[in-house]
Amino acid sequence: MYLFLCLFRIFVGTIVYIITLYNIIPMKKKSILLVMPAMAVLVLSMNSCGGKQEEKGTTKQEASKELTASKQKEEPAGDIFFYTSRHRADKYVPTEEKMGFGSQIQSINTNEFMGNTSLREVWVSPNIKHIANNAFEGCTSLEKVHFQGDMPVINDEAFKGCTSLKNLQVDVYTIGLDAFRGCTSLETARFGEHIYWIREGAFGGCRKLRSVLMAITMQKLENGAFDGCTNIEEFSVPNDFKNRMFGLIPSASKWKKIYLLSTEYYAMPKNCTPVKGCTLYVPDAFLAKFQEDAGWSQFGSIQPLSKSKYFTAEGFLK
């Protein structure tokens with residue numbers, strides 16, 4: 001359509017120019033002068049059309065570059081090996097450092113990557129809904145695991161002994177027995193709104209763990225879940241564990257920030273031993289009551305949850 005309009009404009013412009021010259025130029029010079037202007041009009045018109053086409057092409061190229069750059073930002077940097085059902089059938093042992101999963105992989109099987117010391121970074125696709133027992137146990141080079149969707153179950157000893165794993169952020173429902181035991185480099189463990197059950201020894205021996213954030217939905221927390229986690233500085237206390245959570249965190253002298261996720265005001269439990277350097281965040285609705293309580297006032301500061309980095313006024317994750 002654009003080309004047709006250009007050609008039509010060339011034709012009309014040329015005819016008009018010829019007629020005008022024919023009426024004002026003497027007969028002897030018409031034969032020469034008619035050709036030259038006509039050619040000039042033709043060239044100028046074609047350049048005009050070509051210029052616009054070139055401009056249009058340039059715009060498309062720029063848009064394409066922007067789209068490519070945008071996609072590169074969203075996708076993980078570097079080459080990633082994608083593990084598929086074919087690799088599983090062939091019992092292929094990955095030697096690559098970065099690994100993702102094909103669309104047909106819906107669970108990671110028992111012992112599937114156990115003892116693999118090549119893996120450094122893993123992307124767990126939204127299709128995967130279960131990580132079985134010992135799936136990544138002993139993957140001592142594994143530093144990062146990116147969970148791209150919610151994860152109903154991380155089963156027993158799934159990441160046991162992953163001594164290079166530094167941070168955990170996952171919207172998980174259940175974490176099994178000793179699932180992250182011995183992850184001695186783990187510093188943060190943060191869970192989404194679906195967290196329901198953390199089993200005994202789940203984070204046993206994670207001596208560098210300093211931040212544990214659970215949502216208000218948490219309902220089952222077994223004794224010993226944080227055994228040996230002697231450097232925890234920041235943690236949340238879900239509603240159902242207000243009378244025992246403090247006793248499960250064996251690092252009272254190092255507490256710096258505590259988030260009470262509660263639907264009501266309650267007196268300070270006996271197993272809570274606050275220090276002046278610790279800030280207590282409480283639901284906005286009960287701020288005055290907590291501040292007036294002689295027990296809670298032992299904390300260095302009592303602030304509303306809405307001022308915290310992670311939780312809303314009602315105790316839900318931001």
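Two strands count as paired when DSSP finds at least two bridges between them. Please keep in mind, as you go through these close-ups, that the model is predicted.

**Figure 1. Strand E3 is joined to E2 by two bridges, and the two strands run parallel.** E2 covers residues 98–101 and E3 covers residues 121–124. To find the bridges in this view, begin with lysine 98, whose bridge partner in E3 is glutamate 121. Methionine 99 has its bridge partner in E3 too, namely valine 122. Strands in a sheet are held to each other by backbone hydrogen bonds, in a parallel or an antiparallel arrangement.

**Figure 2. E3 also pairs with strand E5, in the parallel sense.** E5 spans residues 144–147, and four bridges link E3 to E5. One residue to look for is valine 124, whose bridge partner in E5 is phenylalanine 147. Which way do the side chains of E3 point, and are they buried or exposed? Glu121 and Trp123 point one way from the strand, while Val122 and Val124 point the other way, and all of them are buried.

**Figure 3. E1, E2, E3 and E5 form an open sheet of four strands with parallel pairing.** Reading across the sheet, the order is E1-E2-E3-E5. The edges are strand E1 (81–83) and E5, each of which pairs on one side only. From one strand to the next, the twist averages 20 degrees.

**Figure 4. Asparagine 111 has a positive phi without being a glycine.** Its phi is near 65 degrees. Asparagine 111 sits in the loop that runs between strand E2 and strand E3, so this view continues from the pairing shown in Figure 1. Asparagine 111 counts as partly exposed, because its relative accessibility is 39%.

**Figure 5. Glutamate 157 combines a positive phi with a salt bridge to lysine 160.** Phi of glutamate 157 is about 55 degrees, although this residue is not a glycine. You will find glutamate 157 in the loop between strand E6 (151–154) and strand E7 (167–170). The closest N and O atoms of glutamate 157 and lysine 160 are 3.7 Å apart. Both partners are partly exposed: glutamate 157 has a relative accessible area of 23%, and lysine 160 has one of 26%.

**Figure 6. Arginine 181 and aspartate 178 form a salt bridge.** Here the closest N and O atoms lie 2.7 Å apart. Are the two partners buried or exposed? Arginine 181 is partly exposed at a relative accessible area of 30%, whereas aspartate 178 is buried at 19%. Oppositely charged side chains can pair when their charged atoms come close. By the rule used here, the count for the structure comes to 12 salt bridges.

**Figure 7. A salt bridge between glutamate 234 and arginine 190 has its closest N and O atoms 3.6 Å apart.** Glutamate 234 belongs to strand E13 (residues 234–237) and arginine 190 to strand E9 (residues 188–191), so the pair ties together parts that are 44 residues apart in sequence. Glutamate 234 is buried, with 9% relative accessibility, while arginine 190 is partly exposed, with a relative accessible area of 22%. Elsewhere, Glu97, Arg120 and Glu143 are joined into one network by salt bridges that share partners.

**Figure 8. Threonine 174 is a buried residue in strand E8.** E8 takes in residues 172–175, and the relative accessible area of threonine 174 is 17%. What does threonine 174 touch, if residues up to four places away in sequence are not counted? The contacts are Pro152, Val153, Ile154 and Trp197.

**Figure 9. The cysteines shown here belong to a structure with zero disulfides.** Why is cysteine 162 not bonded to cysteine 183? The sulfur of cysteine 183 is the closest cysteine sulfur to that of cysteine 162, but the two are 5.1 Å apart, which is too far for a bond; the cut-off for a disulfide is 2.5 Å. Cysteine 206 is in no disulfide either, its nearest cysteine sulfur being that of cysteine 229, 5.1 Å away. Cysteine 162 is buried, with a relative accessible area of 0%. Cysteine 206 is likewise buried, at 0%.

How values were computed. Residues numbered from 1 in each chain as written. Predicted model: local features only at pLDDT ≥ 70, side-chain atom pairs only at ≥ 80, totals over all residues. Heavy atoms only, no water. Buried < 20%, exposed > 50% of the residue type's maximum accessible area, 1.4 Å probe, protein only. Salt bridge = Lys/Arg side-chain N within 4 Å of Asp/Glu carboxyl O. Contact = heavy atoms within 4.5 Å. Axes fitted to C-alpha atoms, helices over the stretch in contact; angles between N-to-C directions.
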